[in-house]
Amino acid sequence: MPFLDKLHIWADERPHDTAVVVGSSRITWAGLRDGAAGLLAASGSTTVLAEPNSVDFVERYAAAVAGERRCAVLDPLWPAPMIEDVASRLVESRDCGAAETAGTAGTAMGSGLHDGDPSSTFLVGLTSGTTSVPKAFTRSRRSWQVSFEASIEFFGLSQDDHTLAPGPLSASLNLYALSECLYAGAAFHTLESFDVGDAHASISHDGITRLVLAPTMLRLLSERGLAGDVDASGIRSIICAGSKLDARTLEAARRWAPHAAIYEYYGASELSFVSGTRLAAGEPLDVGGTGIGTPFPGVELSILDDAGNVLPEGTHGNISVRSGMVSNGYLWGDDGHALRCLNGWYTVGDQGYLRGGVLHILGRRSDMIVTSGKNVYPHEVELAMACVPGIEVAVAAGAPDDIRGQKVIAGVVPAYGAVTATQLRTGLDGLLARDKWPLQFYLLSELPITDRGKVSRKVLLDWIKNHDSRAQPLG
C-alpha cells in the first residue's frame, strides 16, 4: 500500500502527534505504526474487513495491505450471507489467491510493515450492480500512489490540515480520504457512526480544517449548523463527491463555512479522479448546470463514440480517460460494459460532453429518456429542478407514452409548505430547455429508494404505475 513507507517517516518525525481520530478514540503516528506491525503475523494474503469505524479497523487495514497483501473492505450492514459469499469468492479467486492461515503469511507476504511492489494488487473494490452480489475490481498500489499525488495537489492538502470524513470507512470516498491523509502525514478524523451532533462537536473542538463528504451530508451539516449556530469559520476546504452540488446545498455551505473553498469532482471507482472544479470562498455560485470542471491533474479526457472515435466538442458520448489511476479491471461481475477500453481510453459508460475544456455530466446511457426522438438525461432535469425555490430534492425518469415513446416525469420532495405544477414550470423557465421539461409532476412523501438506500428512478416509476400513495400527481 502506498502509505506504509510514508507512515514510517511520520512515526519517526512526529511519533506523538495524532494520526487518526475515531469518535473519542485517538492514535498517534507511532502508535498506528506499532499497532499495525503487531498484527502482521496474523494477516493472511487476503483480508476481508466488514466492521464499523474504529481505531482497530485502521490498524487492521494498514496491516492487511502490507507487503504483497491485499484487502477488501465491505459494508458491515450488508446481509451476512452476502458478506460470506464475497469472502468465499475472494478466497477462490485465482487473481487473489487462496487466503493464508494465521502465522503463514509472513514469509509469502513480507514480514515488515512496508509497501509492496507498486504493480501488485493491494485493494479489491466492490461496487453495487444489477445482481445481488456486488461487482469486484482490483487496484494496484501504483494507481493509488498516482491518485494521492494528484489529489493532494488539486485539493491543497497539507500536514497542518485536520480532515473530517464523517461517513463509513467501508465507502470508497472515506477509505480513500483516510489513506490519502496517511500518505500526506495529515491528521484524519471520522466518527464511529454518522451523527450530525457528533460531526458538529468534532468541527468545534478538534480544529477541523477540511471536510470530505457526500452532498447529502454537507446539506445536513450546513443547514443544522446554521440553525444551531455551529462555528465553521475554521474550515478551509470542503470536498464533495457522489453527485453535482445543487443550489440549496451550495448556498447553505457557503453561509455556514464562509472561508471554505468548495471542491466538487467527478470520478468513478474503476477510474479514480476524472475532473474537478474549485469554487473559492466568495466566488459567485454557478448552479443548475451540468459542468463539473476540467481534467484532474494527470488525466487525459476525451468523449468517444462506441467505436472509440473522438466526438466533436459539444457532442455527447462516452466519457473516457487515460491516466495512471485507472483500476486493473474486474475479478467478477463485468458484463462487458462496467469498464471498457476504447482504443486505449477507459470508460464506465457515463455520458457527457466537453465544452471549452469543461466536462459536462449527463449520466448513464441506461437512464437516458428518448422522447419524441430527442435524448433527455434525468440528471440534467434533476439539477435544474433542484434550483427551483421550495424544492428539497427531485427525481426524474422516463415513463412509457403511446405518442412520444417516453415522456419525462418528475417527483419532488418540497423543502417547506405546498408546491404546485405551475410553480415548478415557472421555476424551470430559463434553467432548462422547454422540450426537456417534465410533462407530469408528482408530490413525493418520501424519496424512492432501494433496499440498499439508493435513490431509484425505477422505484419511482413503480409507485406511479401502481398508484402508490407516496407519489401523488400534481395538476
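How many helices and strands does the protein have? The protein has 13 helices and 26 strands, where helices (H or I, at least four residues) and strands (E, at least two) are DSSP runs numbered from the N terminus. This is a predicted model, in which local features need pLDDT of at least 70 and side-chain atom pairs count only at pLDDT 80 or more, while totals for chains, interfaces and linings use all residues. Residues are numbered from 1 along each chain as its sequence is written, and side-chain values use heavy atoms, with hydrogens and water left out.

**The whole chain**

Begin with everything selected: along the principal axes, the C-alpha atoms fill a box of roughly 70 × 50 × 45 Å. Of the 475 residues, 54% count as buried, a term that means under 20% relative accessible area, with exposed being over 50% and partly exposed in between (1.4 Å probe, protein chains only). Among the contacts with a separation of 6 or more, 68% come from residues 24 or more positions apart, contact meaning heavy atoms within 4.5 Å.

**Strands β23, β24 and β25**

Next select residues 391-401, which form strand β23, together with residues 405-414, which form strand β24; the two pair in the antiparallel sense over 10 bridges, and two strands are said to pair if DSSP finds at least two bridges between them. A hairpin through three residues joins β23 to β24. To see one of these bridges, pick valine 395, whose partner in β24 is glycine 411. Now add residues 440-444, strand β25, which pairs with β24 in the parallel sense over four bridges. Here alanine 410 has phenylalanine 441 of β25 as its bridge partner.

**Histidine 189**

Move to strand β8 (residues 187-190) and select histidine 189, which lies in it. Is histidine 189 buried or exposed? Histidine 189 counts as buried because its relative accessibility is 1%. Once neighbours within four places in sequence are set aside, the residues in contact with histidine 189 are Val21, His162, Thr163, Leu164, Ala165, Ser202, Asp206 and Ile208, so displaying their side chains together with histidine 189 shows this set of contacts.

**Arginine 254**

Finish at helix α10 (residues 247-256), where arginine 254 is found. Arginine 254 has 14% relative accessibility and therefore counts as buried. For a last distance, select glutamate 283 as well: the C-alpha atoms of arginine 254 and glutamate 283 are separated by 9.8 Å, although the two residues are 29 residues apart along the chain.
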